[in-house]
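Thanks for coming. I will take this one a piece at a time, so please keep the structure open while I talk.

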Amino acid sequence: METCIIQTPLGYSKIEGDADGIASVIVLNSQEKTTDVIPEVLEDCVHQLREYFEGKRKHFSLKLAPKGTEFQKKVWKQLEQIPYGKTLSYLELSKQLGDIKAIRAVANANGKNPLWIIVPCHRVIGSDGSLTGYAGGLHRKQWLLEHESPYKQQSLF
């Protein structure tokens, strides 16, 4: 498994993957040394993440290989269907998956998503529009949603 660390506008991110695909992209809560030479199998992922942060990419086209249960993978696959700039509630996501009673399990699987940004778990919000739960921190979730919003806040000064 190859690994690299890159700096993003939201902190340092660790990327892991191999020829089978990208296994994880996580945000780190500490300052790390960035990788000088990106492993070849991770280059496209790094490139696409940089394009995303520059506002040039709205959809990722990467081979993914996350590790998780079948249920988690089913939830993560559904998360990929949430369009850039849109949000969905946990309840709506549970309905899409065919079991409204599975809302807690869906929320738990959402929280265990190992592919930060690429599988857009940040686009799932509370039914009342609140920014509930986010493994990377609510400040990052808010930043990502604002980054993807078609309505940019203008400065008053």
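C121 sits in the loop between helix 4 and strand 5. Before going on, note that this is a predicted model. The reason to begin with C121 is the record: UniProt, in an unreviewed entry, gives C121 the annotation "active site". Is C121 buried or exposed? C121 is buried, at a relative accessible area of 7%. Leaving aside residues up to four places away in sequence, C121 touches L79, N110, N113 and Y134.

Stay in that loop for a moment. I117 is also found between helix 4 and strand 5. The backbone of I117 has a positive phi, about 70 degrees, although I117 is not a glycine. I117 is buried too, with a relative accessible area of 1%.

One more residue from the loop, R123, brings us to charges. The side chain of R123 meets that of E148 in a salt bridge, 2.7 Å from N to O. R123 lies in the loop between helix 4, residues 103–111, and strand 5, residues 124–125, while E148 lies in helix 5, residues 138–148, so the pair ties together parts that are 25 residues apart in sequence. Are these two partners buried or exposed? R123 is buried, with a relative accessible area of 5%, and E148 counts as buried at 3%.

How many salt bridges does the whole structure have? The search finds six. I will show two others besides the R123 pair. R57 forms a salt bridge with E51, and their closest N and O atoms are 2.8 Å apart. R57 counts as buried at 17% relative accessibility, and E51 counts as buried at 18%. The cut-off for buried is under 20%. Then there is the salt bridge between the side chains of D36 and K33, at 3.3 Å from N to O. Here the partners are exposed: D36 has a relative accessible area of 66%, and K33 has 61%.

Now a charged residue without such a partner. R140 lies in helix 5. R140 is buried yet has no salt bridge. Which side chain of opposite charge is nearest to R140, and how far away is it? It is E32, 11 Å away. For scale, a salt bridge here requires the nitrogen and the oxygen to be within 4 Å. What does R140 touch? Not counting residues up to four places away in sequence, R140 touches L10, V27, L28, N29, W116 and Y134. Y134 has come up before, as one of the residues that C121 touches.

Next, the N-terminal part. UniProt, again in an unreviewed entry, lists residues 6–65 as "domain: Methylguanine DNA methyltransferase ribonuclease-like". That span is 23% helix and 30% strand, and its end C-alpha atoms lie 20 Å apart.

Let me go through the strands. Strand 1 and strand 2 pair in the antiparallel sense over seven bridges. They form a hairpin with two residues between them. If you want positions to look at, E2 has G17 in strand 2 as its bridge partner, and Q7 stands opposite Y12 in strand 2. Strand 2 also pairs with strand 3, in the antiparallel sense, over six bridges. A hairpin joins these strands as well, through two residues. In this pairing, the bridge partner of S13 is V27 in strand 3. V27 is also among the residues that R140 touches.

Last, helix 1. Helix 1 covers residues 40–53, which is 14 residues. From its first C-alpha to its last, helix 1 reaches 21 Å, close to the 20 Å expected at 1.5 Å a residue. Which residues of helix 1 are buried? They are L42, C45, V46, Q48, L49, E51, Y52 and F53. On spacing, an α-helix has 3.6 residues a turn, so residues three or four places apart point the same way. What do the buried residues of helix 1 pack against? They pack against strand 1, strand 2, strand 3 and helix 5. E51, one of those buried residues, is the salt-bridge partner of R57. After helix 1 comes G55, which has a positive phi near 80 degrees.

To close, one return to the start: C121, the residue with the "active site" annotation from UniProt, is buried in this model.

Notes: Residues are numbered from 1 along each chain as its sequence is written. Side-chain values use heavy atoms; hydrogens and water are left out. Buried means under 20% relative accessible area, exposed over 50%, partly exposed in between (1.4 Å probe, protein chains only). Helices (H or I, at least four residues) and strands (E, at least two) are DSSP runs, numbered from the N terminus. UniProt positions are given in the numbering used here, feature names are shortened, and annotations may be inferred rather than shown by experiment. Contact means heavy atoms within 4.5 Å. Lys and Arg count as positive and Asp and Glu as negative; His and the chain ends are not counted. The expected span of a helix is 1.5 Å times one less than its number of residues. Two strands pair if DSSP finds at least two bridges between them.
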